[in-house]
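User: Please take a close look at one part of this structure, the contact between the two chains. I would like a connected account of what builds that part and how its residues are classed.

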Amino acid sequence: MPADHVPADHVPAGQPVIEVEDLRKQFGALEVLRGVSLTVQPREVVCIIGPSGSGKSTLLRCVNRLEEPTAGSIHIEGEDILDPDCEIDLVRRKIGMVFQAFNLFPHLTVLGNCTIAQRKVLRRSRADAEEQARAMLARVGLADKVDEHPVRLSGGQQQRVAIARALCMGPDMMLFDEVTSALDPELVGEVLASMRQLAEDGMTMLVVTHEMGFARRVADRVVFMDDGVIVEEGPPQQVLDAPREARTRRFLQQVGERESP
Amino acid sequence: MREAFLDADIFWDQFPDIVTRAARNTLIFTALAFAIGFGLALVLAMMRLSPLRPYRWFASVWIEVFRGLPALITIIAIGFAMPIALDFRVPGIYGPGSVALGIVYSAYMAETIRAGVEAVPRAQVEAARSLGMTAFRSMVSIVLPQAFRIIIPPLTNELVALIKDTSLLYVLGTTAATIEITQYSRKAMLDTFNITPLVAAAVVYLAITIPMTRAVGLLERRNRRAR
């Protein structure tokens, strides 16, 4: 855990940022999540690992309700987001999300990508939005790319723009959904470096990843999921180096260990 | 033979009136009908994509009816039948014709817009929603701008077809104020007992449509380069 592991000032001490309880999600007859409970504390970095089809991305997508859970409960900073009266659009402003396929807006420049939600959702002036966008783009090392269109950028650059775009909204937490899986191997490092910097700055992060090296170095806690349930969770050293469960051991043997920054 | 089709004197006699009056009216009808049709089409496309069944049904029926009927029937219905049956006449000398063609073309354009919206990946909406945008805001700021780029070519086709279909408005009766290119040339044909005015009309139509499709093609290429 980082040395400065104190709750952010806007969250009452001890209240989890994300609290998922007994979450279930069915697609037709297929039950993808079969009772998942997970708590993320302020400034905590939690990495979710597991084989494909284990439900980790679905879990992440339920946290900001891109996916509607079938049963269970999700609280974001204490607010029940599955309550029919919950204004999910307001909650989502607090939750940044980065996707596997970047999902940048191709009709807008890098700057446009980073300012449109600030202006249309937060009603910031163009000048304020651009100032914030430039600051966040500088944070991911792309200050010189503001006027480019996304297709002109490498995958790694696009993904860093996507991180900056989410940061522009000033989120309290960030969700990362296999954000390096679509990248060429040589571009993975720059994205992980940006994420690591973000973690060191104290951002609360829930990260679905296949990058075991990243999980080991950056995560406060690693969660191993398989077949719609959490099999095992704990500090990275414990889960990755001395897993208690046979299923975790098997998975780790299969993926080997990919070292990355 | 040559005199009957292309008598130079008669040809040049058509100008400038065929441009300043007839082509002007053709373009006015086209612009009004396109604006009406596009506005309706946008609403209809949103209704067809709506999760609410009554909206989807209404839009489907509208589209099927006005796409399935000959344009002439719709024009006669709006221009003659409606004033008699409902005692309501669309106001303005350009009104009835523009509204009728607007309704006809709204059916085609609604399907074009819907196809464009559906061609924008769902992931774009997810990214927009994850930033806190409402469904409406995502549609306006993220999906429609991308959809319009996709549908520029088919929309251009529909605009060209609309320009030509303004000639159907002759059934509503023609006054000197609203006469469009085709009707203008037919009157001139009867006056001169010669086919040359029709050739002049053809030249004027092409002088409108070819530069337009060229300009759109250029715009599209520039768009593609920017992406």
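Analyst: The following account describes the interface and then turns to the enclosed cavities. This is a predicted model, in which local features need pLDDT of at least 70, side-chain atom pairs count only at pLDDT 80 or more, and totals for chains, interfaces and linings use all residues. Residues are numbered from 1 along each chain as its sequence is written, chains are lettered from A and ligands numbered from 1 in the order in which they are written, and side-chain values use heavy atoms, with hydrogens and water left out.

Contact, defined as heavy atoms within 4.5 Å, involves 25 residues from chain A and 20 residues from chain B. The area buried between the chains is about 2,000 Å², and carbon and sulfur atoms give 59% of this; buried area is the accessible area (1.4 Å probe) that two parts lose on being put together, summed over both. In chain A, the residues that lose the most area to chain B are A:Asp89, A:Phe105 and A:His107, together 28% of what that side buries.

Two salt bridges are counted between chain A and chain B, the criterion being a side-chain nitrogen of Lys or Arg within 4 Å of a carboxyl oxygen of Asp or Glu. A:Arg61 forms a salt bridge with B:Glu126, with the closest N and O atoms 2.7 Å apart. Six residue pairs, both at pLDDT 80 or more, are in polar contact across the interface; this term denotes a pair of N or O atoms within 3.5 Å, where within protein one must be able to donate a hydrogen and the other to accept it, and residues adjacent in sequence count only if both atoms are side-chain atoms.

On the side of chain A that touches chain B, helix H2 (88-92), strand E6 (95-98), helix H3 (110-120) and helix H5 (155-167) each supply at least two residues. Helices (H or I, at least four residues) and strands (E, at least two) are DSSP runs, numbered from the N terminus. H3(A) provides the largest share of that side, three residues. By class, the side comprises 13 nonpolar, four polar and eight charged residues. Here Ala, Val, Leu, Ile, Met, Phe, Trp, Tyr, Cys and Pro count as nonpolar, Asp, Glu, Lys and Arg as charged, and the others, Gly among them, as polar.

Helix H5 of chain A also supplies at least two residues to the lining of the largest cavity, as does helix H6 (185-200).
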